[in-house]
Amino acid sequence: MVLLLNRVKKNFIRLLLAVLLWILFAYNYLINYRYTWYYRYNRNEKDLHIEMNRQFQSAQNYWNQLLRKEKFKLNSYNFSSDICTILITSPRYEHPTLHYTLSSLVSSMTYEDKISTKIFIYNTAKPSSLHKHAEQLSQVEIPFLEVIHLPSIDVEIVQQKTQSDQWAFRETIDYLSALSFCEKQKPNNILILEDDLLFTKNFFSKLRTIISNNQHSRCSLIKLFKTDYWDGWERKHAPYLILLSLSISLLINFLFILLDEKFSLRSIRLYTKSLFSMVISFSFTLLWFVFILILILSVNRQNFQFLFGIQHGLHIMKSSTAGTLAQVYSSNVVQSLQSFILEQVHSNKSVPIDILLNDFFEKHQSTYLQCHAIPDLVNHIGVYSSNKNKNQGNFLSMKQSGTFEYDQAAFPIVSS
């Protein structure tokens with residue numbers, strides 16, 4: 001009996017030590033990762049907004065300098081890039097981000113980028129004067145930045161829709177217009193960007209490396225941003241979680257029995273014949289099961305990849321994912337994609353553009369490959385969506401990348 005009580009005490013201490021070690025690990029490491037239970041308790045929304053506003057003020061100062069800066073009289077500007085880069089921007093009255101996005105993009109560019117690259121800023125505002133920062137940019141001469149205005153939307157069709165449907169329909173039309181504009185330039189690749197992004201340093205150099213590597217992968221779409229927001233545990237994972245937690249707890253308990261019985265098979269047989277011993281063993285197996293299950297749930301599914309490291313490079317995606325923040329299209333897919341989107345527009349469907357793109361690539365997955373470039377070259381900073389029915393200021397709901405390298409950010413922003 002004394003031996004059994006000692007074993008109970010020893011196992012309890014082991015479990016308590018494991019819990020304490022995990023708490024120490026979680027609050028020194030996992031607290032920095034989104035979608036963990038620990039992250040949420042370490043983030044204050046008010047402080048995040050204060051820091052974001054401070055960063056936006058810094059961006060405004062950079063922007064003002066950019067507009068005044070020597071009119072960018074480069075010695076030998078020669079637009080020769082085989083990438084058509086177009087940034088789609090709309091007025092954001094609550095939390096404008098274009099100046100921040102362009103400040104980050106410009107600071108990511110090398111001198112070589114600036115003398116050979118043209119970035120088209122597609123101002124979708126009607127009238128264009130509604131977009132303050134795009135209008136400011138159109139008044140200055142910066143060789144590698146050009147504000148453009150494309151044909152108007154069919155207003156009658158738009159006005160027949162609800163506010164949410166109008167937003168989706170306009171978004172689709174704008175995306176189609178951007179694709180069509182770039183397709184006429186006859187580039188090998190088309191890069192479409194949104195206006196709420198943070199870029200990595202040497203963005204275009206890294207992008208060209210990815211495109212060069214794509215000659216082997218033959219991807220028709222390369223995502224430069226992919227959120228982990230929807231990759232957490234779901235109800236369908238319950239059987240797997242239970243089986244995994246149970247297996248680990250049984251293994252732990254078995255190893256402790258071996259350790260306590262000094263690896264003697266005879267003593268283990270005697271141990272298993274004792275009803276009290278079996279009850280103790282079952283009880284601690286159950287406790288370990290609960291601990292392991294809580295541990296796995298608290299880390300959340302999308303964060304396990306970071307515990308073991310991520311593999312850099314181009315990865316073929318078996319299924320589509322939401323979001324269109326930064327995407328590269330190969331010339332081989334553009335006409336088919338345009339036709340598909342145009343068909344949806346003519347059918348008067350108000351489907352968000354990312355859903356339409358997903359439908360297209362799912363439908364043609366045997367012909368056009370989708371890929372994801374890791375690490376992501378951009379991250380999302382739009383805590384206020386241009387769609388009033390979406391996120392309006394909640395940092396924990398903002399869709400961000402788990403692979404973007406903040407230490408490589410071209411322009412500092414709060415690491416939320």
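Me: What makes K186 and E183 a salt bridge?

Reply: In this predicted model, the side chains of K186 and E183 meet at 3.9 Å, N to O. The cut-off is a side-chain nitrogen of Lys or Arg within 4 Å of a carboxyl oxygen of Asp or Glu, so a Lys–Glu pair at that distance qualifies.

Me: Why is K186 called exposed, and why is E183 called buried?

Reply: Exposed means over 50% relative accessible area, and K186 has 64%, so the word fits. Buried means under 20%, and E183 has 18%, so E183 counts as buried.

Me: How many salt bridges are there by this rule?

Reply: The count comes to seven. Among the residues involved are R92, D195 and D196, which are linked in a network of salt bridges.

Me: What makes R54 and E51 a salt bridge, and where do the two residues lie?

Reply: Their side chains meet at 2.5 Å, N to O, and the limit is 4 Å, so the pair passes. Both R54 and E51 sit in helix α3 (residues 45-68), three residues apart, which is about one turn of the helix.

Me: Why are R54 and E51 called partly exposed?

Reply: The label covers values between the 20% and 50% cut-offs. R54 has a relative accessible area of 44%, so R54 falls in that range. E51, with 24%, falls there too, so E51 is also partly exposed.

Me: What about K118 and E146: how do you know that their side chains meet in a salt bridge, and which parts does the pair tie together?

Reply: The N to O distance is 3.5 Å, and this is within 4 Å, so the rule is met. K118 lies in the loop between α5 (111-116) and β2 (119-123), while E146 belongs to strand β3 (residues 145-148), so the pair ties together parts that are 28 residues apart in sequence. K118 has 14% relative accessibility, which is under 20%, so K118 counts as buried. E146 is partly exposed at 31%.

Me: What makes helix α4 largely enclosed by the rest of the structure?

Reply: Ten of the eleven residues of α4 (residues 98-108) are buried, so the helix is largely enclosed. Those buried residues are L98, H99, Y100, T101, L102, S103, S104, L105, V106 and S108.

Me: How do you know that strand β1 is mostly covered, and which residues lie on its two sides?

Reply: Seven of the seven residues of β1 (residues 83-89) are buried. I83, T85, L87 and T89 are on one side, with C84, I86 and I88 on the other, and both faces are covered. In a regular strand the side chains alternate between the two faces of the sheet.

Me: Which strands does β1 pair with?

Reply: Over five bridges, β1 pairs in the parallel sense with strand β4 (residues 189-193), where T85 has L191 as its bridge partner. Five bridges also join β1 to β2, again in parallel, and there L87 is partnered by I121.

Me: What is the strand order of the open sheet, and what makes β3 and β7 edge strands?

Reply: The eight strands run β3-β2-β1-β4-β8-β6-β9-β7, with mixed pairing. β3 and β7 (313-316) each pair on one side only, and they are the edge strands. On average, neighbouring strands of this sheet are turned by 25° against each other, direction ignored. Within the sheet, β6 and strand β8 (residues 326-330) pair in the antiparallel sense over three bridges.

Me: Which strands do helices α14 and α15 touch?

Reply: Helix α14 (residues 331-346) packs on the sheet against β4, β6 and β8, and its direction makes about 100° with that of β8. Helix α15 (residues 353-363) also packs on the sheet, touching β6, β8 and β9 (369-374), and its direction makes about 40° with that of β8.

Me: Which helices supply at least two residues each of the nonpolar patch, and why can L286 belong to a patch?

Reply: They are α1 (2-26), α2 (37-41) and α12 (275-299), with α1 giving the largest share, five residues. The patch has an area of about 1,300 Å², and L286 is one of its residues. L286 lies in helix α12. Patch residues need over 30% relative accessible area, and L286 has 44%, so L286 meets that cut-off.

Conventions:
Residues numbered from 1 in each chain as written. Predicted model: local features only at pLDDT ≥ 70, side-chain atom pairs only at ≥ 80, totals over all residues. Heavy atoms only, no water. Buried < 20%, exposed > 50% of the residue type's maximum accessible area, 1.4 Å probe, protein only. Helix = DSSP H or I, 4+ residues; strand = E, 2+ residues; numbered from the N terminus. Patch = residues over 30% accessible without salt bridge, like charges linked within 9 Å, V, L, I, M, F, W, Y side chains within 5 Å. Areas by Shrake-Rupley, 256 points an atom, 1.4 Å probe, with all protein chains shown as cover. Pairing = 2+ DSSP bridges. Axes fitted to C-alpha atoms, helices over the stretch in contact; angles between N-to-C directions. Contact = heavy atoms within 4.5 Å.
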